[in-house]
Amino acid sequence: MRIAIMTDTNSGMTADEAGRLGVALLPMPFTIDGEAFLEGRNLTAAQFYGALKNGAKVATSQPSPADTLAMWDELLQTNDAVVYLPMSSGLSGTCATARMLAMEEPYAGRVEVVDNGRISATLRQAVLDALALRQLGLDARTIRDALERTGPQSQIYLAVDTLKYLRQGGRITPAAALLGSALNLKPILQLANGKLDAYKKVRGSAAAQAALLEALRQAIDALPGDGPLRLMTAYSGDEELGKAWNRKVQQAFPGAKVYGAPLPLSIACHTGPGALGVACARAAVEEA
């Protein structure tokens, strides 16, 4: 079978990387003070963080069904099937919408929508796994099933520099945000079972970084599966901060190659700039 692999910009993949790998990339939509944008097309990271800095009202939304179907239609002109990897259904309705669309003709049996509870670098790893599984000759349904079985073999932790954007998004109360800011508290968030939840709170940036490293060590020890281990870092806003963080994680885990990338803007909407993250995942096959 000729199988197309498709994801969205919540995977953290850039258009250049997706093009090099032959992955179809659906841009996530944003509104900034009511004006519509598409991540990676007419919205850059610099524009996004500039809007946050200037106090603009920034919001995310699902890709429109029309845009999703248009990409499927294009891919099915030259492929027998599509494996689509959107963000976790626990974080957005994108996956549920796509699954509903994939039940209709002419997509039923030809488009397989993966719900493996992932986002950002771990979703990117799942895309690499899909490419490797396709290379092994698996059909689209089998690839989907394999990715969903290995979805729990991943973990993400995020340290947020400011509580401002969690408060704006309704994730915490204004009173909790005010108290946390006064005490210099840095919340550590965990992506567990496909949903983002509180992990712990620490005081100060140094303690937050130490907590992330310890969380990653514990996650590696507890990670199910026996596939090759992949480690990742993420950041929002400051590229130099992201590079320094990646070096620090690499030093803490000298036997591993640590992949680093910016957080997708859909996550940065809630974290704001200055967030740092770590993640681990089992690759489906050695070549992934």
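Is the crossing of α5 and α6 left-handed or right-handed? Keep that in mind while I get us oriented. One thing before anything else: this is a predicted model, so please hear everything I say in that light.

Okay, the helix pair. The crossing of α5 and α6 is right-handed. The two helices pack at an angle of about 140 degrees, and their axes are 10 Å apart. Anything over 145 would count as roughly antiparallel, so at about 140 degrees this pair is called oblique.

Who is doing the touching? From α5 we have Ala126, Asp129, Ala130, Leu133 and Arg134, and they meet Ile143, Ala146 and Leu147 from α6. Sorted by class, that contact has 6 nonpolar residues, 2 charged ones and no polar ones.

Now let's step just ahead of α5. Asn116 sits in the loop that runs between β7, residues 111-113, and α5, residues 120-135. Is Asn116 buried or exposed? Buried: its relative accessibility is 6%, and the cut-off for buried is under 20%. Leaving out residues up to four places away in sequence, Asn116 touches Leu123, Ala126, Leu147, Glu148 and Gly151. You'll recognise Ala126 and Leu147 from the helix contact a moment ago.

Right at the start of that 120-135 stretch there's a backbone oddity. Ser120, which is found in helix α5, has a positive phi of about 60 degrees although it isn't a glycine. Ser120 is also buried, with a relative accessible area of 6%.

There's a second residue like that elsewhere. Asp33 isn't a glycine either, and its phi is positive, about 50 degrees. You'll find Asp33 in the loop between β3, residues 29-32, and β4, residues 35-38. Buried or exposed, this one? Asp33 is exposed, with a relative accessible area of 57%.

While we're on backbone, one more for your notes. The peptide bond joining Glu105 and Pro106 is cis, with omega at about 5 degrees. Pro106 is in the loop between α4, residues 94-102, and β7.

On to charges. How many salt bridges are there? The count comes to 11, and I'll walk you through a few.

Start with Glu112 and Arg144. Their side chains meet in a salt bridge, 3.1 Å from N to O. Glu112 is in strand β7 while Arg144 is in helix α6, residues 140-150, so this pair ties together parts that are 32 residues apart in sequence. Glu112 counts as buried at 6% relative accessibility, and Arg144 is buried as well, with a relative accessible area of 18%.

Arg144 has another partner, too. Asp145 forms a salt bridge with Arg144, and the closest N and O atoms are 3.1 Å apart. Asp145 counts as partly exposed, at 28% relative accessibility. Follow the shared partners, and Glu112, Arg141, Arg144 and Asp145 all join into one network of salt bridges.

Compare that with a local one. Arg20 and Glu17 form a salt bridge whose closest N and O atoms are 4.0 Å apart. Both lie in helix α1, residues 15-21, and they're 3 residues apart, which is about one turn of the helix. Is Arg20 buried or exposed? Exposed, at 62% relative accessible area. Glu17, on the other hand, counts as buried at 11% relative accessibility.

Last stop, β8. Ile156 is found in that strand, residues 154-159, and it counts as buried at 10% relative accessibility. What does Ile156 touch, if we again skip residues up to four places away in sequence? The list is Ile119, Thr122, Leu189, Gln190, Leu191, Val278 and Ala279. For a sense of distance, Ile156 and Lys201 are 45 residues apart in sequence, and their C-alpha atoms are 16 Å apart in space.

So, to go back over the places I'd have you look on screen. Start with the right-handed crossing of α5 and α6. Then find the salt-bridge network of Glu112, Arg141, Arg144 and Asp145. After that, look at the cis bond between Glu105 and Pro106, and finish on Ile156 in β8. That's my tour, thanks everyone.

Key: Residues are numbered from 1 along each chain as its sequence is written. This is a predicted model: local features need pLDDT of at least 70, side-chain atom pairs count only at pLDDT 80 or more; totals for chains, interfaces and linings use all residues. Side-chain values use heavy atoms; hydrogens and water are left out. Helices (H or I, at least four residues) and strands (E, at least two) are DSSP runs, numbered from the N terminus. Buried means under 20% relative accessible area, exposed over 50%, partly exposed in between (1.4 Å probe, protein chains only). Contact means heavy atoms within 4.5 Å. Axes are lines fitted to C-alpha atoms, for helices over the stretch in contact, and angles run from 0 to 180 degrees between N-to-C directions. Angles under 35 degrees count as roughly parallel, over 145 as roughly antiparallel, 65 to 115 as roughly perpendicular and the rest as oblique. A crossing is left-handed if the near helix is turned anticlockwise from the far one by less than a right angle, and right-handed if clockwise. Ala, Val, Leu, Ile, Met, Phe, Trp, Tyr, Cys and Pro count as nonpolar, Asp, Glu, Lys and Arg as charged, and the others, Gly among them, as polar.
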